[in-house]
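Me: I am new to this structure and would like a close look at a single part of it. Please take one helix and go through it slowly, then set it among some other parts.

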Amino acid sequence: MTADHDPTESQPTVTPSSPATPPAEVANADLGADGQRPSERIQIGSQREGEADAPALAPKPVNPGPANPGRVVDQGRKNYPPPNIRAQLPPELEQELQAALAEGSVDQLMESSTAATSQAELPPETRVNATVVSIHGEDVFFDLGMGRSQGVAQLKQFETAPEVGAQMEMVVTKFDTEQGIYEINRSAAAVSVGNWDEVHEGQVIEVVITAANKGGLECTVSNIRGFMPMGQISMFRVENAEDYVGQRLACVITEANRSRKNLVLSHRALMERERKENREKILAEIAPGQIREGTVRSLQDFGAFVDLGGVDGLIHVSQMSWDRIGHPSEVLQVGQAVKVRVEKVNPETGKISLIYRDMGANPWADVTTKYGIGSRVKGTVSKLMQFGAFVKLEAGVEGLIHISELGHGRVMRTSDVLSEGQEVEAKVLSVDPDAQRISLSLKALIAAPEKPEHRRPEPEPEREPTPEDLKRQEQRRKANESLKGGVSAPSGGEKFGLKW
């Protein structure tokens, strides 16, 4: 093999170290003992001595040897490695592969896979409606839709194994680029942690309540101890925290300080998150007349607020009981589970009116048969008003005695005749079950007093006038004669030529 050599191309470029050095000295700096430059001393190919006439070497064939030592290989045939035969897949994966190939060709599957990976990656905390595709061991695989990669969730997040084809809301945790699959969790599902490296704020974990004190609850998760303040246990007032000891609760990590070994948890935050998620769903489904279950959240003078699982409804004090009550605490308690009937829904403001008393028997259903018009009834005076007195006939049924029906004479004040707690007997005047009104009369059972006879007064006998009476009569007569007036006496106008 021969190659032409250009000495000028391989000559190294020499940079003068100092401007004062002569060019001649720089040129002779690389000369060797034989007076030749390195580029002239190097010889390649046929330039070497004794190599010009040497015969060209022929390439030697490479024999890879037999694939099997115990097998005789025919040297006259070319040997290639055997094809890579796919190992037998498990039955479940084999069924999935056959099902995928039945839907289309391998090229179509490759195109769909490429399209799925080309879409924008879903960020963490994204909520998606996923469909259960299959269950393998401790993992549940979901189809996230829109041609995206599948998602996988741990089976222990579910109380019971979901059915294939079931749809549920899931939350994206992260995307595993090596496996090409999303790691997802159930909405508000707890994850398991083993040490402080796996703990971070905002994470949902499941803890075991170990003890209770005045400040809150002590709990553990794996080997980590945590604390839940009293105000973070529930959305409602907790009267006895010891009731939670031994229970397992899903909580949100609000503070995680590894250096101080401080782990603060909140079960209330998780309840508020679920409440916010369910609010819009409940407002879209709720309608008047429905029977709903809820929990009494707070009591006010005008009524009680009930949590329906994401939205609050109000039970007015007049709709709590058929009896007259002074405060909602006489019927309900905070934290009590109740069944209510939806009376009215305002979609613009989201206000919901509820009725609690309808869950019991309506005592007004048969009042017309119990309290017929004209019948005599007995009851207890429950309340005095300026216009009359309310009489309780039975639980949930009251009648009114108007002030005009308290007596035959004029009654100025109701308290002049009756007092609260007094038992009375009255007569039924009218019954209106729709308006829930019964009119009673007390004077109808009292006999009217007899009116006294009016006699004309007898005239007094005449008596003889005394001298003083005669003197006064004479003075009265003279005074009348001196008066000028009347129609018979002259007016005096004739003196002036007037003729009246």
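Reply: The helix chosen here is α6, which bends by about 35 degrees at N278. The bend at a residue is the angle between two axes, one fitted to the seven residues ending there and one to the seven starting there. This is a predicted model, in which local features need pLDDT of at least 70 and side-chain atom pairs count only at pLDDT 80 or more, while totals for chains, interfaces and linings use all residues. Residues are numbered from 1 along each chain as its sequence is written, and side-chain values use heavy atoms, with hydrogens and water left out.

Helix α6 covers residues 267-285, 19 residues in total. From its first C-alpha to its last, α6 reaches 27 Å, close to the 27 Å expected at 1.5 Å a residue. That expected span is 1.5 Å times one less than the number of residues in the helix. Helices (H or I, at least four residues) and strands (E, at least two) are DSSP runs, numbered from the N terminus.

At the N-terminal end of α6, S266 acts as a cap. A side-chain oxygen of S266 lies 3.0 Å from the backbone nitrogen of A269. A polar contact is a pair of N or O atoms within 3.5 Å; within protein, one must be able to donate a hydrogen and the other to accept it, and residues adjacent in sequence count only if both atoms are side-chain atoms.

Which residues of α6 are buried? They are H267, L270, R275 and I282. Buried means under 20% relative accessible area, exposed means over 50%, and partly exposed is in between (1.4 Å probe, protein chains only). The buried residues of α6 pack against several strands: β6 (204-212), β8 (224-229), β9 (248-257), β10 (262-266), β12 (303-307) and β13 (312-316).

One of those strands, β12, spans 303-307. The structure holds three aromatic pairs, and one of them is formed by F302 and F305. Rings of Phe, Tyr and Trp (its six-membered ring) pair if their centres lie within 6.5 Å; planes under 30 degrees apart count as stacked, over 60 as edge-to-face and the rest as tilted. The pair of F302 and F305 is edge-to-face, at 6.1 Å centre to centre and 90 degrees between the planes. F302 counts as partly exposed because its relative accessibility is 42%; F305 is also partly exposed, at 22%.

Elsewhere, β16 (residues 376-384) pairs with β19 (residues 423-432) in the antiparallel sense over five bridges. Two strands pair if DSSP finds at least two bridges between them. Strand β16 also runs antiparallel to β17 (residues 388-394), joined by four bridges, and these two form a hairpin with three residues between them. T380 stands opposite E423 in β19, and its bridge partner in β17 is K392.

S441 lies in strand β20 (residues 437-441). Why is S441 buried? S441 is buried because its relative accessible area is 0%. Not counting residues up to four places away in sequence, S441 touches E405, A426, K427 and L429, where contact means heavy atoms within 4.5 Å. A polar atom of the S441 side chain lies 3.2 Å from the backbone nitrogen of A444.

For the protein as a whole, the secondary structure comes to eight helices and 20 strands. Buried residues make up 26% of its 500 residues.
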